[in-house]
Amino acid sequence: MPKLSIGHRTTYSYRSPVQLSPYRLLLRPRKGPELLLQRHQIAASPGGRVSWTTDVFGNAVATMTFPEPTQQLEIVSRADVDVKSEAWPVFDIAAPAATYPFLYDDQDWKDLGALRDVQYPDASGELQQWVKGFVMGNSADTLSLLKDLSAGVSNGVAYQARDTERTQPPLETISLRSGSCRDLATLFAESVRVLGLGARIVSGYLYDPARSLVGSSPGSSTHAWVEVFLPGAGWIAFDPTNRSMGSANLIPVAVARDITQLMSVSGTFIGPAGAFQSLDVAVDIAFIG
């Protein structure tokens with residue numbers, strides 16, 4: 001069971017002192033069967049008051065308020081986690097769901113709600129046609145279909161790191177044939193929903209000390225991927241950026257219906273026009289045992 005220490009530093013710089021709004025933070029790693037959270041703390045300079053709540057998806061949300069104007073804001077999250085995910089997981093999918101198409105039972109269908117609904121306009125049916133290209137015949141092995149779809153996203157879209165916060169709609173990503181990890185995750189999630197399955201987007205960290213995975217910076221980086229709900233197995237992780245299935249190398253922080261709900265640090269300020277100068281984000285993940 002690898003034990004990892006995670007450091008996530010976000011630094012805002014301004015050309016003159018500004019008054020900061022309350023900042024919303026999604027920084028605490030998400031506990032689950034494959035991840036044990038041993039310790040987590042958040043610190044900021046200048047110091048601020050931190051309050052915690054839980055959102056509709058069960059994510060831990062911190063709100064930080066700052067009483068005095070400042071010319072620089074630094075927020076540092078530190079966590080120690082035990083990772084239990086396997087490199088080659090075996091998923092115990094319920095027999096009725098092992099072959100696509102299948103129907104969720106009434107309770108799962110109702111509870112998945114918006115997580116099974118497409119989120120982006122597709123008036124011409126272009127995305128539907130693109131997704132149908134992966135369904136061979138009247139039925140298919142469900143897990144194989146999802147793996148093929150993930151590989152299709154990876155093969156058809158070249159990974160391109162992008163610092164801007166905007167996420168491309170799925171049809172734009174298909175048209176451009178390039179995108180960031182969040183663009184690929186959004187395209188895959190929307191494609192899964194076209195198939196009638198429940199999907200949620202995950203934000204977190206990619207731990208890759210060998211730097212062999214797409215989207216990794218030296219040792220670690222923020223990352224986005226998707227989880228698909230299959231009866232019996234539950235939520236299964238798919239990382240279309242790396243054509244991988246399962247949670248190996250992935251450390252989840254938060255899940256949501258849409259990528260726009262998953263900003264790690266978000267907030268505004270009151271100050272002169274053009275006061276904003278720069279934003280720097282640094283993630284470091286170290287093996288500690």
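1. Is R9 buried, exposed or partly exposed? R9 counts as partly exposed, because its relative accessibility is 30%, a value that falls between the limits of under 20% for buried and over 50% for exposed. It should be stated at the outset that the structure under discussion is a predicted model.

2. The structure holds eight salt bridges. In one of them, the side chain of R9 meets that of E74, with an N to O distance of 3.1 Å. This pair links distant parts of the chain: R9 belongs to strand β1 and E74 to strand β6 (residues 70-83), with the two positions 65 residues apart in sequence. E74 is likewise classed as partly exposed, because its relative accessibility is 23%.

3. A salt bridge also joins the side chains of D55 and R24, at 3.8 Å from N to O. D55 is placed in the loop between β4 and β5, while R24 is in strand β2, so the contact ties together parts that are 31 residues apart in sequence. R24 is partly exposed, because its relative accessible area is 31%.

4. A further salt bridge is formed by E227 and R200, whose closest N and O atoms are 2.8 Å apart. Because E227 lies in strand β12 and R200 in strand β11, the pair ties together parts that are 27 residues apart in sequence. Both E227 and R200 are buried.

5. R24 also has a place in a sheet. Four strands make up this open sheet, in the order β4-β5-β2-β16, with antiparallel pairing. The edges are formed by β4 and β16, each of which pairs on one side only. In general, the strands of a sheet pair through backbone hydrogen bonds, in either a parallel or an antiparallel sense.

6. The individual pairings within the sheet may be taken in turn. β4 and β5 run antiparallel and are joined by six bridges, with W52 standing opposite A62 of β5. Strand β2 (residues 23-25) pairs with strand β5 (residues 60-65) in the antiparallel sense over three bridges, and Y23 has M64 of β5 as its bridge partner. Two bridges connect β2 with β16, again in the antiparallel sense; here R24 is matched with S266 of β16.

7. How many residues lie between the strands in the hairpin of β4 and β5? There are five, and in this hairpin G58 takes a positive phi near 85 degrees. Positive phi values also occur in residues other than glycine. One of them is R177, with phi near 60 degrees, in the loop between α4 (170-176) and β10 (178-179). R177 is exposed, because its relative accessible area is 52%. N249 has a positive phi of about 75 degrees and lies in the loop between β14 (244-245) and β15 (250-256). N249 is partly exposed, because its relative accessible area is 35%.

8. Two cis peptide bonds deserve attention when the loops are inspected. The bond from S45 to P46 is cis, with omega near 0 degrees, and P46 is found in the loop between β3 (35-45) and β4 (49-54). The bond from Y100 to P101 is also cis, with omega near 5 degrees; P101 is in the loop between β7 (99-100) and α1 (106-112).

9. The loop between β15 and β16 contains Q261. Q261 and L26 are 235 residues apart in sequence, yet their C-alpha atoms are 9.7 Å apart in space. Q261 is partly exposed, because its relative accessible area is 26%.

10. Which residues are closest to the centre of the largest pocket? The space in the largest pocket amounts to about 1300 Å³. Of its 44 lining residues, R162, D163, R182, T222 and V281 are the closest to the centre. Elements that each supply at least two lining residues include β1 (3-20), α5 (181-194), β11 (199-208) and β12 (219-230). The most is given by β18, with six residues.

11. V281 connects the pocket with a feature of the surface. V281 is found in strand β18 (residues 276-287) and is among the residues closest to the centre of the largest pocket. Together with F276 and L279, V281 forms a nonpolar patch on the surface, with about 250 Å² of accessible area in all. V281 counts as partly exposed, because its relative accessibility is 45%.

Note on methods. Residues are numbered from 1 along each chain as its sequence is written. This is a predicted model: local features need pLDDT of at least 70, side-chain atom pairs count only at pLDDT 80 or more; totals for chains, interfaces and linings use all residues. Side-chain values use heavy atoms; hydrogens and water are left out. Patches are made of residues with over 30% relative accessible area and no salt bridge: like charges are joined within 9 Å, nonpolar side chains (Val, Leu, Ile, Met, Phe, Trp, Tyr) within 5 Å. Accessible areas come from the Shrake-Rupley method with a 1.4 Å probe; for residues, only the protein chains shown count as cover. A salt bridge is a side-chain nitrogen of Lys or Arg within 4 Å of a carboxyl oxygen of Asp or Glu. Buried means under 20% relative accessible area, exposed over 50%, partly exposed in between (1.4 Å probe, protein chains only). Two strands pair if DSSP finds at least two bridges between them. On a 1 Å grid over the protein atoms alone, a cavity is a set of points where a 1.4 Å probe fits but cannot get out, and a pocket is an open set with protein on both sides within 12 Å along at least five of seven lines; lining residues have an atom within 4 Å of a point. Grid points are joined across faces, edges and corners, and a volume is the space filled by probe spheres set on the points.
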